[in-house]
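Reader: I should like a close look at the aromatic ring contacts of this structure. Please set out the geometry of selected pairs and the elements that they connect.

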Amino acid sequence: MVKKTQNKKRLNSGGNDAGGPAKARKAGKAIDSDDDLGQDAKVTAKELDLDALKEAAAEQQALEKEQEDPLAEAGNSSEPTGPADPYLLADAAYIQKDTRWRNKQRTLCFCSRGVTARFRHLCDDIRKMLPHHKSEPKFEKRASFNEINEVCELKSCNNVVFFEARKREDLYMWVGRVPSGPTMKFQVLNIHTTQEVKLAGNCLLGSRPILYFDKHFGELSFLKLIKGLFTQAFGTPRNHPKSKPFHDHVMCFYWLDKKIWFRHYQITPETPDNLNDPEKQVLTEIGPRFVLDPIRIFSGSFSGQTLYQNPNYFSPTALRSHAKKLLRQPYVKKLEEKADRKKRQKDNQLPPDPLQEAFI
């Protein structure tokens, strides 16, 4: 019995050995088929990815065409679809949106001690017109002007507008670049502050002004220099933190009677419907108003060589002395006539008559 079972086991094992290669071949075929399926799956996955990318590209091209079609239709159509741009501001490169403050101009605006109320109000009006200004307490009269450069350096200012008062009657305005120069000295005449003159104009506080110079500032050499300095000192830089991105007022400088006349206007529409129409705007005066009589232009900051000197300028002291002389002329003329009369009487006096005592 034992031998039979062993033979059966051998037969079974031999049968297993005989069927082993066939099973191995079947297993190999199954493995090959699995590999083929895996490769086919990878190929189909790649094809699906490519199809998805192609679909995304096709959708993006369709969106771009949809965006371009209205512009093309608007360009091809003869009738304008929206309001016209008369000045082509939409295509201007300098009006593109830029939030960075590039032109970092700061103007120090202050006055000296001894100013009157009118002079102080004028200084306050100038400060309100300049959002990029920095203030400073009153400057001492006995201090040297070279100390203004140090104050500007401490305040990080590269422009200065300084009002100097003398005898509580005369006001001078210094406008200069710090610390290299040049510096200009003016006498301020015919001052009318905003509170003093009740005008109808008004503008947004902190808005950027438009600087207007007449044709003479492009012809005369010293006026060209004054124009450049006023542009840097009074022009509010773009994107200044304290300014507002609006242009609703104009600073005008006119050259008349060998003096610079300053006027300040508001830009207002003729009617509320013409708010955005640049051709239907009017100017309404705001104030202040004053006249600048140029005296000298120095090459440095409150010092240096004289680049220009006004030959037609007379100091206020000389003008007052001349006015006194004119007022004194009637009295002097009266005294001269009295002296002439006495001289004529003395010259026309008759000599004594020798026969006067003969017939008594």
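Author: What follows treats the aromatic pairs, the cluster that they build, and the charges placed over rings.

The model is predicted. It holds 19 aromatic pairs. In one of them, the rings of Phe 230 and Phe 253 have centres 5.1 Å apart and planes at 35°, so this pair is classed as tilted, because stacked pairs require planes under 30 degrees apart and edge-to-face pairs over 60. Phe 230 belongs to helix H4 (residues 221-234), whereas Phe 253 belongs to strand E7 (residues 249-256), so the contact ties together parts that are 23 residues apart in sequence. Phe 230 counts as buried, at 1% relative accessibility, and Phe 253 is likewise buried, with a relative accessible area of 1%.

A second pair joins Phe 262 and Phe 290, and this one is stacked: the distance is 4.6 Å centre to centre, with 15° between the planes. Here Phe 262 comes from strand E8 (residues 259-269) and Phe 290 from strand E10 (residues 289-298), so the pair ties together parts that are 28 residues apart in sequence. Both Phe 262 and Phe 290 are buried.

These four residues are also members of a cluster linked by ring pairs, which comprises Phe 186, Phe 213, Phe 217, Phe 230, Phe 234, Phe 253, Phe 262 and Phe 290.

Charged side chains also meet aromatic rings. The charged end of Lys 104 sits over the ring of Trp 101, 5.6 Å from its centre. Arg 166, in turn, lies over the face of Tyr 172, at 4.8 Å from the ring centre.

Notes
Residues are numbered from 1 along each chain as its sequence is written. This is a predicted model: local features need pLDDT of at least 70, side-chain atom pairs count only at pLDDT 80 or more; totals for chains, interfaces and linings use all residues. Side-chain values use heavy atoms; hydrogens and water are left out. Rings of Phe, Tyr and Trp (its six-membered ring) pair if their centres lie within 6.5 Å; planes under 30 degrees apart count as stacked, over 60 as edge-to-face and the rest as tilted. Helices (H or I, at least four residues) and strands (E, at least two) are DSSP runs, numbered from the N terminus. Buried means under 20% relative accessible area, exposed over 50%, partly exposed in between (1.4 Å probe, protein chains only). A charge sits over a ring if NZ of Lys or CZ of Arg is within 6 Å of the ring centre and within 35 degrees of the ring normal.
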